[in-house]
Amino acid sequence: MDDISTQSYIGDIMLENCLMNASGCNCQFLSDLIQLDKSNSGAVVSKSCSVNNRLGNPIPRYYHNDTLSINSMGLPNEGYKYYIEAGDSIHKPYIMSISSQALYEDISILEKASSSNISAIELNVSCPNIAGDPQLSYSFDRLEEFLRKVFEYADYNKHIGIKLSPYFDISHFNMAFDILNMFKTNITFLTCINGIGNGLYIDLDKEEPIIKPKNGLGGLGGSIVKPTGLANVNLFANNTNFDIVGCGGITSGQDAFEYILCGAKTVQVGTQLVKEGTDVFSRIDSELKKIMYDKNYNSIECFRNKLTYK
């Protein structure tokens with residue numbers, strides 16, 4: 001299968017394969033980022049960062065089992081300067097994830113990142129786990145205003161992506177399409193999806209929620225969210241002209257294949273990375289190549305965007 005290529009692109013950024021980590025998973029510290037850089041991922045994504053470092057929510061704040069993960073991390077991170085400087089240690093494409101909170105506070109972060117060894121910036125408008133701060137991507141008027149101000153006032157020269165919440169209602173999809181398409185000259189990629197917010201999982205032995213913050217409410221990830229992730233990828237691929245990064249429940253080469261079939265150019269691995277470590281990228285890439293070989297596809301572009309349901 002040496003002639004099977006999983007190479008892909010985000011804008012003009014070439015990835016040796018289509019796999020990367022999801023922001024938030026094993027990427028908070030420089031040691032994590034260096035491990036990702038040494039792995040078989042196609043790119044490295046930083047933790048979503050704020051202006052200053054944050055400790056995040058009280059523990060226990062993360063749990064997973066065979067079918068799902070639930071977390072209310074609360075955006076623990078080392079502050080944006082840390083992740084800009086971390087880029088000097090990364091050799092493959094490096095995507096810096098920035099919380100929308102941070103850009104509200106200091107829009108010059110984009111300008112500072114532009115002078116660094118960063119390939120692209122992912123604006124996280126969809127974190128479901130910060131108490132008192134609703135997800136920006138569900139407040140459509142605020143989302144439009146935020147994007148307008150960012151692109152009007154920030155001086156930057158990097159590819160920009162938007163990490164979106166999962167949408168469920170067609171009317172909400174349509175509103176998101178309309179807003180994002182206003183900025184088609186500013187945005188390169190969309191990451192679909194962040195966790196499904198405000199799930200609850202009960203510890204049967206203790207008879208209480210399994211995580212502590214927000215009275216046990218947390219963002220859902222893992223295999224359970226894959227159908228929602230696939231639907232979001234397919235709808236955004238069919239109704240916008242942005243590159244789509246698929247995320248949500250990717251545990252195998254088959255999962256990656258399905259996301260690419262729905263229109264994703266690359267995919268992010270989250271919960272399974274936490275479970276398995278960075279070896280997950282080699283395994284999924286190998287499984288994906290086997291599927292492509294069996295189906296007589298020698299590159300991702302041969303089968304990407306085959307699903308056109310609207």
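Before looking at the strands I noted that two of them count as paired if DSSP finds at least two bridges between them. I also kept in mind that I was reading a predicted model.

**Entry on the sheet.** I looked up the overall arrangement and found 8 strands forming an open sheet in the order S3-S16-S15-S10-S9-S8-S7-S4, with parallel pairing. S3 and strand S4 (44-45) stand at the edges with a single partner strand each, so one side of each has no neighbour in the sheet.

**Entry on S16 and its partners.** I turned next to strand S16, residues 266-269, and asked which way its side chains point. Thr266 and Gln268 point one way, whereas Val267 and Val269 point the other way, and all of these residues are buried. I recalled that side chains in a regular strand alternate between the two faces of the sheet.

On one side I found strand S3 (residues 19-21), which runs parallel to S16 and is joined to it by 3 bridges. Leu19 stands opposite Val267 in this pairing, and Asn21 stands opposite Val269. I then checked strand S15 (residues 243-247), which pairs with S16 in the parallel sense, also over 3 bridges, and here Val245 stands opposite Thr266. Following the chain from S15, I saw that it passes through helix H8 (residues 253-261) before reaching S16, and that this β-α-β crossover is right-handed.

**Entry on Asp243.** I looked up Asp243, which has its place in strand S15, and asked whether this residue is buried or exposed. Asp243 has a relative accessible area of 15%, and because the cut-off for buried is under 20%, Asp243 counts as buried. Leaving aside residues up to four places away in sequence, I listed what Asp243 touches: Tyr9, Ile10, Gly11, Thr188, Phe189, Leu190 and Lys265.

**Entry on helix H8.** I wanted to know which strands H8 touches where it packs on the sheet. They are strand S10 (189-192), S15 and S16, and the direction of H8 makes about 140 degrees with that of S16.

H8 also packs with helix H10 (residues 279-294), at an angle of about 65 degrees and with their axes 7 Å apart, and I noted that the crossing of these two helices is right-handed. From H8, the residues Gly253, Gln254, Ala256, Phe257 and Ile260 meet Ile284, Glu287, Leu288 and Ile291 of H10. Sorting the residues of this contact by character, I recorded 6 nonpolar, 2 polar and 1 charged.

Key
Residues numbered from 1 in each chain as written. Predicted model: local features only at pLDDT ≥ 70, side-chain atom pairs only at ≥ 80, totals over all residues. Heavy atoms only, no water. Buried < 20%, exposed > 50% of the residue type's maximum accessible area, 1.4 Å probe, protein only. Helix = DSSP H or I, 4+ residues; strand = E, 2+ residues; numbered from the N terminus. Right-handed = clockwise from strand over helix to strand, strands pointing away. Axes fitted to C-alpha atoms, helices over the stretch in contact; angles between N-to-C directions. Left-handed = near helix turned anticlockwise from the far one by under 90°. Contact = heavy atoms within 4.5 Å. Nonpolar A, V, L, I, M, F, W, Y, C, P; charged D, E, K, R; others polar.
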